[in-house]
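Here are some notes to read alongside the structure if you haven't met it before. They go point by point, so keep the viewer open and follow along.

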Amino acid sequence: MPHHSLLVTPSAAHAHSYAIAIREGYEPDPIAPAVAAGMDAHIAWLNTQGDQIRLPDGRTITRLPHAQFWLVHAHTFIGRVNIRFQLTEDLERWGGHIGYAISPSFQRRGFGTHILGLGIKAARAGGLDRLLLTCLDTNFGSMRVIEANGGRLLNKVAHPWQPHLTALRYAIDP
């Protein structure tokens, strides 16, 4: 089914299946307004540029240029991919240019590899060449997905706000 899915801008058209995915254990962007506070506000935030955001360590910064897409099949939400067109020092260590997540009911079915491949194409179309991606050293599924999309391990670093965790940094070259 991955080849029958496509990337779309987050919208109310897929909000129902997005809410179902959250109930099943999918974790939305951790700095986004809670879905419980209102789906319309949550979706609007996903598509907003340049506002202020609060980081997990409590700092407030201006949101960097980005794009978020949902992977859908018909009206079913499968996962998301975030593309960051600029990186901060923290994002150089953790986060990178592309982040992605797949709803639990669609995991281990090829969608992670598929969504990252589509995210790479979108990042390239947005002007990025060499891409940086990160994952925890305990996330073997993400390691396989990144490597399947041409990721080359650069190094291991301490997570910027959870120093007891180790982040793997990967490059995907043009």
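1. A yardstick to begin with: a residue is called buried under 20% relative accessible area, exposed over 50%, and partly exposed in between. Take Arg152: its relative accessibility is 39%, so Arg152 falls in the partly exposed class. Please keep in mind throughout that this is a predicted model.

2. Let's start with the four-stranded sheet. It is open, its strands come in the order β1-β4-β5-β6, and the pairing is antiparallel. At the edges you'll find β1 (6-8) and β6 (98-102), each with a single partner strand, so one side of each has no neighbour in the sheet. On average, neighbouring strands here are turned by 25° against each other, direction ignored.

3. What holds such strands side by side? Strands of a sheet pair through backbone hydrogen bonds, either parallel or antiparallel. For a worked case, look at β1 and β4: they run antiparallel and are joined by three bridges. Leu7 is a good place to zoom in, with Leu71 in β4 as its bridge partner.

4. Now add a helix. Helix α4 (residues 111-125) lies across β1, β4, β5 (76-84) and β6. Relative to β6, α4 runs at about 150°.

5. There is another sheet to look at, and α4 turns up there too. This one is an open sheet of three strands in the order β7-β9-β8, again with antiparallel pairing. Its edge strands are β7 and β8, each pairing on one side only. The average turn between neighbouring strands of this sheet is 25°, direction ignored.

6. Within that sheet, six bridges join β7 to β9, and the two run antiparallel. If you want one to click on, Cys135 has Leu168 in β9 as its bridge partner. As for helices, α4 lies across β7 and β9, at about 150° to β7. Helix α5 (residues 140-148) packs on the sheet as well, where it touches β7 and β9, and its direction makes about 160° with that of β7.

7. Back to the other end of the chain, for the aromatics. The count comes to six aromatic pairs. One of them is Tyr18 with Trp70: the ring centres are 4.3 Å apart and the planes at 20°, so this pair is stacked. Tyr18 sits in helix α1 (residues 15-23) and Trp70 in strand β4 (residues 66-73), so the pair ties together parts that are 52 residues apart in sequence.

8. Are these two rings' residues buried or exposed? Tyr18 has 1% relative accessibility and so counts as buried. Trp70, at 0%, counts as buried too. Trp70 also makes an aromatic pair with Phe77, this time edge-to-face, 5.3 Å centre to centre and with 80° between the planes. Like Trp70, Phe77 is buried. Together, Tyr18, Tyr26, Trp70 and Phe77 form one aromatic cluster.

9. On to the charges: how many salt bridges are there? The count is four. Among them is Glu92 with Arg169, whose closest N and O atoms are 3.6 Å apart. This pair links distant parts of the chain, with Glu92 in helix α3 (residues 89-93) and Arg169 in strand β9 (residues 166-172), 77 residues apart. Glu92 is partly exposed at 34% relative accessible area, whereas Arg169, at 13%, counts as buried.

10. Asp173 deserves its own point. Asp173 forms a salt bridge with Arg130, the closest N and O atoms being 3.1 Å apart. That links the segment after β9, where Asp173 lies, to the loop between α4 and β7 (131-136), where Arg130 lies, and the two residues are 43 residues apart. Both are partly exposed: Asp173 has a relative accessible area of 33%, and Arg130 has 45%.

11. Asp173 also forms a salt bridge with Arg152, with the closest N and O atoms 2.9 Å apart. Arg152 belongs to strand β8 (residues 152-158), and these partners are 21 residues apart. Put the pieces together and you get Arg130, Arg152 and Asp173 linked in a network of salt bridges.

Terms used:
Residues are numbered from 1 along each chain as its sequence is written. This is a predicted model: local features need pLDDT of at least 70, side-chain atom pairs count only at pLDDT 80 or more; totals for chains, interfaces and linings use all residues. Side-chain values use heavy atoms; hydrogens and water are left out. Rings of Phe, Tyr and Trp (its six-membered ring) pair if their centres lie within 6.5 Å; planes under 30 degrees apart count as stacked, over 60 as edge-to-face and the rest as tilted. Buried means under 20% relative accessible area, exposed over 50%, partly exposed in between (1.4 Å probe, protein chains only). Two strands pair if DSSP finds at least two bridges between them. Axes are lines fitted to C-alpha atoms, for helices over the stretch in contact, and angles run from 0 to 180 degrees between N-to-C directions. Contact means heavy atoms within 4.5 Å. A salt bridge is a side-chain nitrogen of Lys or Arg within 4 Å of a carboxyl oxygen of Asp or Glu.
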